[in-house]
Amino acid sequence: MMRSTGFTLIELLIVLAILGLLAGLVGPRVLSQLDGAKSKTAAVQIKDLEQAADLFRIDVGRFPSKEEGLQALVTNPGNLRGWNGPYLRRGLPADPWGNPYRYQSPGRFGDIDIYSYGADNAPGGSGENADVGNWQ
């Protein structure tokens, strides 16, 4: 007599229950790591923007003004003497939450402040809502 091979419905339900339990335990930890990754990405991008602003300062003799903003790292704002950009290869990035980086010159914490308000796009906050800036 031939016996067919395969999985029974009970075996499939047990496997699905085990996978569901694993997803319930591991999923939140993975998602929390992804959230932290956005803040780390913002910090790295801010360092790149700060280095580009330093190159601008070396060429032009000053940091971009508040009015010129970070866009001065990509396009020459009004035929500046010594401007040798663009200083960013891939253009001006948005922060990991899709908002533009903020720029202040002179800054509250240094010559210039480059920062993101985090996931909530509002000052202050904690976790993913915390501000990320070049002064940290």
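Two residues are in contact when heavy atoms of theirs lie within 4.5 Å. With that in hand, look at the protein: among contacts between residues at least 6 apart in sequence, 39% join residues at least 24 apart. The structure is a predicted model.

## Overall form

Start with the parts. The protein has one helix and three strands. Read from the N terminus, the elements run α-β-β-β.

Now the dimensions. The C-alpha trace spans about 90 × 35 × 15 Å along its principal axes. The radius of gyration is 24 Å, while a compact globule of 136 residues would have one near 14 Å.

Next, the surface. The accessible surface comes to about 9400 Å². Carbon and sulfur atoms account for 57% of that surface. Buried residues make up 27% of the 136 residues.

Then the charges. The protein has 13 positive and 14 negative charges. Their mean positions are 4 Å apart.

## The helix

Helix 1 covers residues 9-60. Ala23 lies in this helix. Is Ala23 buried or partly exposed? Its relative accessibility is 48%, so Ala23 counts as partly exposed. The cut-offs matter here: buried means under 20%, exposed means over 50%, and partly exposed is in between.

Ala23 also gives a sense of distance. Ala23 and Trp83 are 60 residues apart in sequence. In space they are 53 Å apart, C-alpha to C-alpha.

## The sheet

The three strands form an open sheet. Their order is 1-2-3, and the pairing is antiparallel. Which strands stand at the edges? They are strand 1 (102-104) and strand 3 (132-133). Each has a single partner strand, so one side of each is left without a neighbour in the sheet.

What holds such strands side by side? Strands of a sheet pair through backbone hydrogen bonds, either parallel or antiparallel.

Take the pairs in turn. Strand 1 and strand 2 (residues 113-116) pair over three bridges. In this pairing Tyr103 stands opposite Ile114, and Gln104 stands opposite Asp113. Strand 2 and strand 3 pair over two bridges. Here Ser116 has Val132 of strand 3 as its bridge partner.

Strand 2 deserves a second look. In a regular strand the side chains alternate between the two faces of the sheet. Both faces of strand 2 are covered. Asp113 and Tyr115 are on one side, Ile114 and Ser116 are on the other, and all are buried.

## The loops

Several residues in the loops are worth finding in the structure. Begin with Phe63, in the loop between helix 1 and strand 1. Phe63 has 14% relative accessibility, so it counts as buried. What does Phe63 touch, not counting residues up to four places away in sequence? Its contacts are Ala53, Asp54, Phe56, Arg57, Tyr103, Ser105, Asp111 and Ile112. One of these, Tyr103, is the residue that stands opposite Ile114 in strand 2. Phe63 and Gly124 are 61 residues apart in sequence and 26 Å apart in space, C-alpha to C-alpha.

Asn99 is found in the loop between helix 1 and strand 1. Asn99 is buried, because its relative accessible area is 17%. Leaving aside neighbours within four places in sequence, Asn99 is in contact with Ala94, Gly118 and Asn121.

That leads to Asn121, in the loop between strand 2 and strand 3. Its relative accessible area is 32%, so Asn121 is partly exposed. The backbone of Asn121 has a phi near 55 degrees, a positive value in a residue other than glycine.

Two cis peptide bonds are listed here.

| Residues joined | Omega | Place of the proline |
|---|---|---|
| Gly85 and Pro86 | about 10 degrees | Pro86: loop between helix 1 and strand 1 |
| Ser105 and Pro106 | about -5 degrees | Pro106: loop between strand 1 and strand 2 |

## Putting it together

Follow the chain once more. Helix 1 comes before the three strands. The loop after helix 1 holds Phe63, Pro86 and Asn99. Phe63 touches residues including Arg57 and Tyr103. Asn99 contacts Asn121, which sits in the loop between strand 2 and strand 3.

Methods
Residues are numbered from 1 along each chain as its sequence is written. This is a predicted model: local features need pLDDT of at least 70, side-chain atom pairs count only at pLDDT 80 or more; totals for chains, interfaces and linings use all residues. Side-chain values use heavy atoms; hydrogens and water are left out. Helices (H or I, at least four residues) and strands (E, at least two) are DSSP runs, numbered from the N terminus. The radius of gyration is taken over C-alpha atoms; the globule rule is 2.2 Å times the number of residues to the power 0.38. Buried means under 20% relative accessible area, exposed over 50%, partly exposed in between (1.4 Å probe, protein chains only). Accessible areas come from the Shrake-Rupley method with a 1.4 Å probe; for residues, only the protein chains shown count as cover. Lys and Arg count as positive and Asp and Glu as negative; His and the chain ends are not counted. The place of a charge is taken as NZ of Lys, CZ of Arg, CG of Asp or CD of Glu. Two strands pair if DSSP finds at least two bridges between them.
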